[in-house]
Amino acid sequence: MRKTKRLLCALSALVMAAGLTACGKTAAGPETVPPAPAQSTEAAQSAPAESGAAERTRTETVLLDGQETTAYLDVTDEDIQFWDSPSGGTLLAAARYPKALPGAADALESCDLTDLDGDGNSDLSASFRFGEDGAQLLWFYADGGFAYNEEFSWLPGETPPSG
């Protein structure tokens with residue numbers, strides 16, 4: 001049990017450090033689109049984007065099933081969406097926030113897509129700054145989608161977890 005706690009503490013510290021040094025905003029800032037309707041992960045992965053969708057300017061390299069894939073991000077008030085093309089295309093995955101984060105697109109400071117658990121899929125750590133208040137959210141990729149990890153995350157107004 002003690003080794004597990006130490007491992008989780010070290011993992012949390014790694015995620016926080018990586019989040020501070022990972023991706024930054026593009027000069028124009030990320031484009032946003034309305035959040036995808038609630039649907040099963042399998043349906044979301046094959047759902048085509050609405051025609052006329054805004055051009056996505058933020059890109060990340062995502063590891064899915066051991067294969068590196070370029071993903072185009074949409075950051076909304078409800079989630080971070082990963083698409084396979086700059087406009088239109090297929091939704092690869094979405095990381096839904098546990099509650100709405102108004103202004104998340106402008107507040108996103110950094111994200112990190114390191115495979116933290118060694119399963120061949122990127123896990124996501126995202127850091128936000130809402131004025132004087134911060135947030136750090138962590139999702140593990142499992143069963144074809146991102147699963148929010150409450151233990152190593154904190155939302156605006158919450159105290160960061162201690163090791």
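User: Which aromatic cluster does Y97 belong to here?
Analyst: In this predicted model, Y97 sits in one aromatic cluster together with other rings. Across the structure there are six aromatic pairs. The members of the cluster are Y97, F128, F130, W139 and Y148.

User: How do Y97 and F128 pair up, edge-to-face or stacked?
Analyst: Their ring centres are 5.7 Å apart, and the planes make an angle of 85 degrees. Planes over 60 degrees apart count as edge-to-face, while those under 30 count as stacked. So with 85 degrees between the planes, Y97 and F128 are edge-to-face.

User: And how far apart along the chain are Y97 and F128?
Analyst: Y97 is in the loop between β4 (91–96) and α3 (104–107), and F128 is in strand β6. The pair links distant parts of the chain, and both residues are buried. The separation between Y97 and F128 is 31 residues.

User: What about Y97 with W139, what class of pair is that?
Analyst: Here the centres are 6.3 Å apart and the planes are at 45 degrees. This pair also ties together distant parts of the chain, as W139 is in strand β7, 42 residues from Y97. Since 45 degrees is neither under 30 nor over 60, the Y97 and W139 pair counts as tilted.

User: Is W139 buried or exposed?
Analyst: The cut-off for buried is under 20% relative accessible area. W139 has 0% relative accessibility, so it falls on the buried side. Its partner Y97 is buried too, with a relative accessible area of 4%. The call for W139 is buried.

User: OK, on to the sheet. What's the strand order?
Analyst: It's an open sheet of four strands, with antiparallel pairing. β5 (108–112) and β8 (145–148) stand at the edges. From one strand to the next the twist averages 25 degrees. The order is β5-β6-β7-β8.

User: Why is one side of β5 left without a neighbour in the sheet?
Analyst: β5 is an edge strand, so one of its sides has no neighbour in the sheet. On its paired side, β5 runs antiparallel to β6 (residues 124–130) over four bridges, and S110 has S127 as its bridge partner there. The reason for the free side is that β5 has a single partner strand.

User: How many bridges hold β6 and β7 together?
Analyst: The two strands pair in the antiparallel sense, and F128 stands opposite A135 in β7. They also form a hairpin with two residues between them, where G131 in the turn has a positive phi of about 65 degrees. The bridge count for β6 and β7 is seven.

User: In the hairpin of β7 and β8, which residue takes a positive phi?
Analyst: β7 and β8 pair in the antiparallel sense over four bridges, with Y141 opposite F146 in β8. Two residues lie between the strands in this hairpin. The residue with the positive phi, near 55 degrees, is D143.

User: How many residues of β7 are buried?
Analyst: Strand β7 covers residues 133–142 and is mostly covered. W139, at 0% relative accessibility, is buried and lies in β7. Of the 10 residues in β7, the number buried is eight.

User: Last one: is E109 buried or partly exposed?
Analyst: E109 lies in strand β5, and its C-alpha is 9.7 Å from that of G134, 25 residues away along the chain. Its relative accessibility is 41%, which is between the 20% and 50% cut-offs. So E109 counts as partly exposed.

Terms used. Residues are numbered from 1 along each chain as its sequence is written. This is a predicted model: local features need pLDDT of at least 70, side-chain atom pairs count only at pLDDT 80 or more; totals for chains, interfaces and linings use all residues. Side-chain values use heavy atoms; hydrogens and water are left out. Two strands pair if DSSP finds at least two bridges between them. Axes are lines fitted to C-alpha atoms, for helices over the stretch in contact, and angles run from 0 to 180 degrees between N-to-C directions. Buried means under 20% relative accessible area, exposed over 50%, partly exposed in between (1.4 Å probe, protein chains only). Rings of Phe, Tyr and Trp (its six-membered ring) pair if their centres lie within 6.5 Å; planes under 30 degrees apart count as stacked, over 60 as edge-to-face and the rest as tilted.
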